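Here's a quick look at one helix and at the fold around it. Have the viewer open while you read.

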Amino acid sequence: MGETGNPDHGPPPPQGVPPPQPPPPNLALSIGPTWAPNEQLQHLEFCIQSNPPWHEAVLLAFQHYIVMLGTIVLIASTLVPRMGGNHGDKARVIQALLFLSGINTLLQTLLGTRLPTVMGASLAFYLPVLSIINDTMDKNFNSDHDRFLYTMRTIQGSLIVSSFVNIILGYSKAWGNFTRLFSPVILVAVVSVVSLGLFMRGFPLLANCVEIGLPMLILLIISQQYLKRILPMGHSVLERYALLFCIGIIWAFAAILTVSGAYNNVKEQTKTSCRIDRSYLLSSAPWIKVPYPFQWGTPIFRASHVFGMMGAALVSSAESTGAFFAAARLAGATPPPAHVLSRSIGLHGIGLLLEGIFGSVVGTTASVENVGLLGLTRIGSRRVVQISTAFMIFFSIFGKFGAFFASIPLPIFGAIYCVVLGIVVAVGISFTQFANTNSMRNHYVLGITLFLGVSIAEYFVLNTSTDGHGPVKTQGGWFNDILNTIFSSSPTVAMIVGVLLDNTLEAKHTASERGMPWWGPFQHRKGDVRNEEFYNYPLRIHEFLPTRFL
């Protein structure tokens, strides 16, 4: 044993080296508290498995129906006239979209992700449908109605074939394995741009009739956020149902302006946006009409159109995935594991197949605006969304009643989307808490992914002509349709860029900075004890299904 006290042993101590200094004080702690990461939001009134009283659940479900209705009316009002359809055709298209949205929502909440997500009409299919419409312009038909029927049959055939893209991606578990490449850094970008990519449905839609849309936006913010603090007795009522009150008030205001002749001498576009009688749905919708398979005729299959629709099916999967992560957070659930995302995309493909069979004009995707409504009302109950499917199916069959609510002016929906889509953006940003926000490497990945996700998609949208031709112009029309559709979607671009950058820039050495220790357990079936609680099938159905469907 050496003599540690002998000064002759060992090198002499270095000269002129100052003693070690204590670490700098944490100014954040001295100024105020810091907030620890929290996997589940603590201010939800009802989470995914808790249910409000039945009378409240019905009102909240009706609210979900109203919010999803805006996108359906917008798509039908834009596409059907281009296809040669009349007001009666538009009413039937809206009924078909509502019916299939109800069916697919019920399937997803029971056998898909089991999250409280509404499956609504998707704008991802807009470009492929425009391409089909453009091709029919060169054909001769006896009437515009014949051209409408031919276009619908072509859309049906394309939807049927493209549905197998999602069925294969889902039930082969390829999509789930792809999502294992995600990290909290990617989630921030994907969830945020799922909403940011829809900014044209916010204030630009509102601005089509400022005298209706702007009062709706201001009234909703004041009544839902400020008035509930002034009137504590009505706090819960205003927080949950202010949206319905505001719609009723501004809708009545729009009716007064219409009846008083305020829009008699304005441009046709202003009349369409502001008047409550310009949709002509009440007069043209049938009293009772049950959507049935092949209601437009035998589907037409054309390879040139199928490929574009396949691109749209892929885009709808990417958009739905981003919405699912946002919905899980706003419902108080853990992030959906890979196997849950796989089965949900597979079921989404089955939903697309049904839409092709029943004659929908576009496919469905997880409704981002309804995800935002979960945060607005702080009600993340699965049962509420399941009840909303009854309203969708009821109003799709009894057309006159559905047409009444479909006559709500679109700028009112634009005001609603300004609020609910903004909430989804904030949910995406909240995922930064699970990664190192002081990492310059994360700043680089996140910044480029966010910017390119919005910028590339906007470039493709701005350079797409009214007939559906985008910036990619090669000799292969099918190839053009696929690329133009994929790169017109902000979430899809963000997903591609984010996965490439995040998994190639020092991925292994920066796993902790990327938040992978937190993210990893949620990607396995039994990685977190809460996964089975939130995502298992009801009624022990999982015991009777093959593992590929679990």
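In helix H4, the buried residues (under 20% relative accessible area with a 1.4 Å probe, protein chains only) are Leu127, Pro128, Val129, Leu130, Ser131, Ile132, Ile133 and Thr136. That's 8 of the 11 residues of H4, which spans 126–136, so the helix is largely enclosed by the rest of the structure. Helices here are DSSP runs of H or I with at least four residues, and strands are E runs of at least two, numbered from the N terminus.

This is a predicted model, where local features need pLDDT of at least 70 and side-chain atom pairs pLDDT 80 or more, while totals for chains, interfaces and linings use all residues. Residues are numbered from 1 along each chain as its sequence is written, and side-chain values use heavy atoms, leaving out hydrogens and water.

What covers the buried part of H4? The cover includes the helices below, with contact meaning heavy atoms within 4.5 Å.

| Covering helix | Residues |
|---|---|
| H2 | residues 54–83 |
| H5 | residues 144–171 |
| H13 | residues 303–330 |
| H20 | residues 477–486 |

Zooming out, the protein has 24 helices and 2 strands. Its radius of gyration is 26 Å, close to the 24 Å that the globule rule gives for 550 residues, so it's as compact as a globular protein of that length. The radius is taken over C-alpha atoms, and the rule is 2.2 Å times the number of residues to the power 0.38. Those C-alpha atoms fill a box of roughly 110 × 60 × 50 Å along the principal axes. Buried residues make up 54% of the 550.

Conventions:
Buried means under 20% relative accessible area, exposed over 50%, partly exposed in between (1.4 Å probe, protein chains only).
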